[in-house]
Amino acid sequence: MASGGGGTMADDPQRNFRSAYYEKVGFRGVEEKKSLEILLKDNPLDLEKLSTFSQRFPLPSMYRIHVWKVLLGILPPHSDSHALVGGYRKEQYQDILEALEVMRYINSSTPSTHVYLRMFQLESQTLPRCSETSPPDEENEDFLSISRAMEEIVDDPVDCYWLVKCFVNQYHTKFGDSVPHLPKSLEHYLSQEEPRLLNHLKNSGALHQLPYNLWFRCCFAGCLPESSLQRVWDKVISGSCKILVFVALEILLSYKIILMGINRPEGMVKFLCNIPQENTDAIVTKAIDLWHKYSGTLIHAI
């Protein structure tokens with residue numbers, strides 16, 4: 001699925017030298033930002049090129065939300081319609097909100113993430129009967145976790161709702177069939193990278209109790225701080241759920257010594273559900289490197 005084209009960026013030795021120099025002095029991303037700005041000037045926007053860019057490079061924070069909205073279909077490829085469509089999205093948000101207030105599903109004290117959940121349920125026709133409305137349960141935990149994380153990334157509630165809704169819908173539609181196989185995939189790559197740790201997880205009975213829901217259903221929301229999480233979601237939104245396997249793999253590899261020292265599965269699970277938050281940027285960087293290593297040129301492979 002990688003997009004074709006004539007001469008690649010790699011063909012230009014001077015450019016390669018410049019990139020290597022930028023990388024050394026900490027300007028890695030100067031060229032990427034320029035490339036993205038060129039892509040964002042296209043009208044209509046080329047979704048495939050934007051996806052390929054997002055798979056290969058980290059999105060600059062100033063453009064991240066805009067690119068997410070385009071890739072998730074919240075904004076159309078035709079840039080001249082963005083203001084109009086943005087207005088429609090806002091109206092739709094207000095209409096759903098008012099409907100839920102009138103039906104007494106929400107009030108001024110309802111937490112915003114629960115408001116988003118009720119809006120999502122109304123739109124997907126899964127709203128429980130009002131008389132049976134209890135606080136959201138386990139079943140909705142992935143939606144609520146993703147909402148809580150998205151609120152930290154995006155300020156505007158209208159944007160937040162649309163991003164959560166479209167992220168969750170796209171994830172289930174695109175990757176619903178793949179998600180149950182991700183634990184097996186993790187086991188495979190762990191056997192390649194660190195067989196001793198895999199044996200320890202198997203022998204202690206922890207392998208089947210790892211926090212797969214947190215990792216593969218909540219997409220690491222509630223596990224990684226948002227500054228690291230958004231770099232993982234760049235890859236998910238642009239078409240890969242396999243990245244989640246490599247983040248889980250890198251977490252296991254990074255804390256191998258600690259995990260090897262714990263023999264009870266519940267001890268390991270407790271640690272993995274609350275990993276230290278200061279090292280996560282490095283974990284995500286290494287995870288992306290591992291993902292590129294195993295994906296090779298098939299960067300779009302799910």
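The legends below describe close-up views of a predicted model.

**View 1. Negative surface patch with a member in helix H5.** Glu91, Asp95, Glu98 and Glu101 together form a negative patch on the surface. Of these residues, Asp95 is placed in helix H5, which covers residues 82–102.

**View 2. Aromatic pair Phe120 and Phe143.** The model holds 17 aromatic pairs. One of them joins Phe120 and Phe143, with ring centres 4.7 Å apart and an angle of 35° between the planes. This geometry counts as tilted, because the stacked class needs planes under 30 degrees apart and the edge-to-face class needs over 60. Phe120 belongs to helix H6 (residues 112–123) and Phe143 to helix H7 (residues 141–153), so the contact ties together parts that lie 23 residues apart in sequence. Phe120 is buried, at 15% relative accessible area. Phe143 is buried as well, at 4%.

**View 3. Aromatic pair Tyr161 and Trp162.** The rings of Tyr161 and Trp162 meet edge-to-face, with a centre-to-centre distance of 6.2 Å and 65° between the planes. Tyr161 has a relative accessible area of 0% and is therefore buried. Trp162, with a relative accessible area of 4%, is also buried. Both assignments rest on the cut-off for buried residues, which is under 20% relative accessible area.

**View 4. Aromatic cluster of five named residues.** Trp68, Phe167, Tyr171, Phe175 and Trp233 make up one aromatic cluster. Its members include the tryptophans Trp68 and Trp233, the phenylalanines Phe167 and Phe175, and the tyrosine Tyr171.

Conventions:
Residues are numbered from 1 along each chain as its sequence is written. This is a predicted model: local features need pLDDT of at least 70, side-chain atom pairs count only at pLDDT 80 or more; totals for chains, interfaces and linings use all residues. Side-chain values use heavy atoms; hydrogens and water are left out. Patches are made of residues with over 30% relative accessible area and no salt bridge: like charges are joined within 9 Å, nonpolar side chains (Val, Leu, Ile, Met, Phe, Trp, Tyr) within 5 Å. Accessible areas come from the Shrake-Rupley method with a 1.4 Å probe; for residues, only the protein chains shown count as cover. A salt bridge is a side-chain nitrogen of Lys or Arg within 4 Å of a carboxyl oxygen of Asp or Glu. Lys and Arg count as positive and Asp and Glu as negative; His and the chain ends are not counted. The place of a charge is taken as NZ of Lys, CZ of Arg, CG of Asp or CD of Glu. Helices (H or I, at least four residues) and strands (E, at least two) are DSSP runs, numbered from the N terminus. Rings of Phe, Tyr and Trp (its six-membered ring) pair if their centres lie within 6.5 Å; planes under 30 degrees apart count as stacked, over 60 as edge-to-face and the rest as tilted. Buried means under 20% relative accessible area, exposed over 50%, partly exposed in between (1.4 Å probe, protein chains only).
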